[in-house]
Amino acid sequence: MQGTPFDFFVQFHLTEECNLSCRHCYQSAAVSEMTYEEICGAISEVKRTVQGWAVDHDIDVSPSLHFTGGEPLVRQDLFDVLGYASGCGFSTSLMTNGTLIDEAAARRIGDAKVTDVQISLDGTEAAHDSLRGRGAHRRALDGVRNLVAAGVETNLNVTVTRRNMSQTGELVRAAEELGASGIAFSRLVPSGRGKGLMAEALTGDEVACFYDDLRRHRANSRIAVGSRDPLATIADIDVDVPQTELPVGGCAAGVFGVTITADGTIMPCRRMDLPIGNVKNDSLRELWVESPVLVALRTRERYHDTCQSCSYWPVCRGCRAIALAYSRAEGKNDYLGPDPQCPYHSAPGFS
Ligand code: SF4
Ligand code: SF4
């Protein structure tokens, strides 16, 4: 269908290596990384997939590749990869801890024409360094300043925990003063090394308070203050949601994009450790249609309990990674159950 572009993205992990070892990181094990040639092959596979959709289904696809790690700047061929991806017609972005972005790296990133750089920030200096190591906060902020000076659109990304949930105002002000274009907040997913931080994850009541607070900061800030968390969208909804059997918004996992990890494994989302194939051997286009996991993520009847019965299902479905992480903590492997931090369930007809 022409007219409404399908914003398809791949979160592409170029390496598992990192110069930090953050306590809440969702990476947990070393893997055999793809070579530069294999990465180019994977990018070409994504290109073939979106071109196939465009030709066969007359779909206008707006594809993007979000490169991350580990820490993507530890890969020596990062700028070659960015050049190859741009040459294939993708818009590109970088997700980084920012600590390796000196003035020269910032200029190279600007020259590589990435659409934006997201830098992780986990609170004020004490909160950030307690998770990421001493000095990480100062170096991340230097990275932001260098990018802004180089004219690169730069956004901050905060993982929200009980440790930093009351620091929103300070963080928004810091983002404004640094010249960032925006600041976004995501909930902690207690998986990978982050498993040990389960006690720092927000409860449903805390999620509701946090997003109420975020709305006030958004109204008062000159920069973009937001969240890609489906629950943040629900917190702002004040109209009935048309009931559809297919998702039209919300959790992107397997609906608007997938993740490719450093060894080529394809997953619905990096925070959901559910491999569905490998880009080195499998057709992404076939997996997109045939993967039982991806099909289940798009099928309302496959969900159960609160999310299945909720009027917000078409635009929400919660965070499937958080649902899976809590289920695994109970010895199960259920990615279609309730989002345990959701305070917004609404039966159809009562939204
Ligand atoms: S019950 Fe599920 S679909 Fe409904 S608002 Fe909560 S997380 Fe979203
Ligand atoms: S599973 Fe969670 S982190 Fe992944 S796309 Fe969905 S909402 Fe985002």
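**Overall fold, core and ligand shell**

The chain folds into 12 helices and 10 strands. With a radius of gyration of 20 Å, close to the 20 Å that the globule rule gives for 351 residues, the chain is as compact as a globular protein of that length. This is a predicted model, and its C-alpha atoms fill a box of roughly 55 × 50 × 40 Å along the principal axes. Buried residues account for 44% of the 351 in the chain. As for contacts between residues at least 6 apart in sequence, 73% of them link residues at least 24 apart.

The largest nonpolar core takes in 88 residues, and the members touching the most others are Ile-183, Met-272 and Ala-321. Helix H12 (residues 320–329) supplies the largest share of this core, at six residues. Leaving aside residues up to four places away in sequence, Ile-183 touches Asn-155, Leu-156, Val-158, Leu-171, Val-172, Ala-175, Ile-223 and Val-225.

Then there is Pro-230, which sits in helix H8 (residues 230–236). Pro-230 has 23 other C-beta atoms within 10 Å, so it counts as buried, the cut-off being 20 or more. Its C-alpha atom is 4.8 Å from that of Gly-250, although the two residues are 20 apart along the chain. Besides Gly-250, Pro-230 touches Cys-251, Cys-316, Arg-317, Gly-318 and Cys-319, again not counting residues up to four places away in sequence.

Two of those partners, Cys-316 and Gly-318, turn up again at ligand 1. Of the 13 residues around this ligand, Cys-307, Cys-310, Cys-316, Gly-318 and Cys-342 come nearest. By character, the shell around ligand 1 splits into eight nonpolar, three polar and two charged residues.

Definitions and conventions
Residues are numbered from 1 along each chain as its sequence is written. Chains are lettered from A and ligands numbered from 1 in the order in which they are written. This is a predicted model: local features need pLDDT of at least 70, side-chain atom pairs count only at pLDDT 80 or more; totals for chains, interfaces and linings use all residues. A nonpolar core is a set of buried Ala, Val, Leu, Ile, Met, Phe, Trp, Tyr and Cys residues joined through C-beta atoms within 7 Å. A residue is buried if 20 or more other C-beta atoms lie within 10 Å of its own, exposed if 12 or fewer, and partly exposed in between; C-beta atoms are placed from the backbone. Helices (H or I, at least four residues) and strands (E, at least two) are DSSP runs, numbered from the N terminus. Two residues are in contact if their C-beta atoms, placed from the backbone, lie within 7 Å. A residue is near a molecule or strand if its C-beta atom, placed from the backbone, lies within 6 Å of it. Ala, Val, Leu, Ile, Met, Phe, Trp, Tyr, Cys and Pro count as nonpolar, Asp, Glu, Lys and Arg as charged, and the others, Gly among them, as polar. The radius of gyration is taken over C-alpha atoms; the globule rule is 2.2 Å times the number of residues to the power 0.38.
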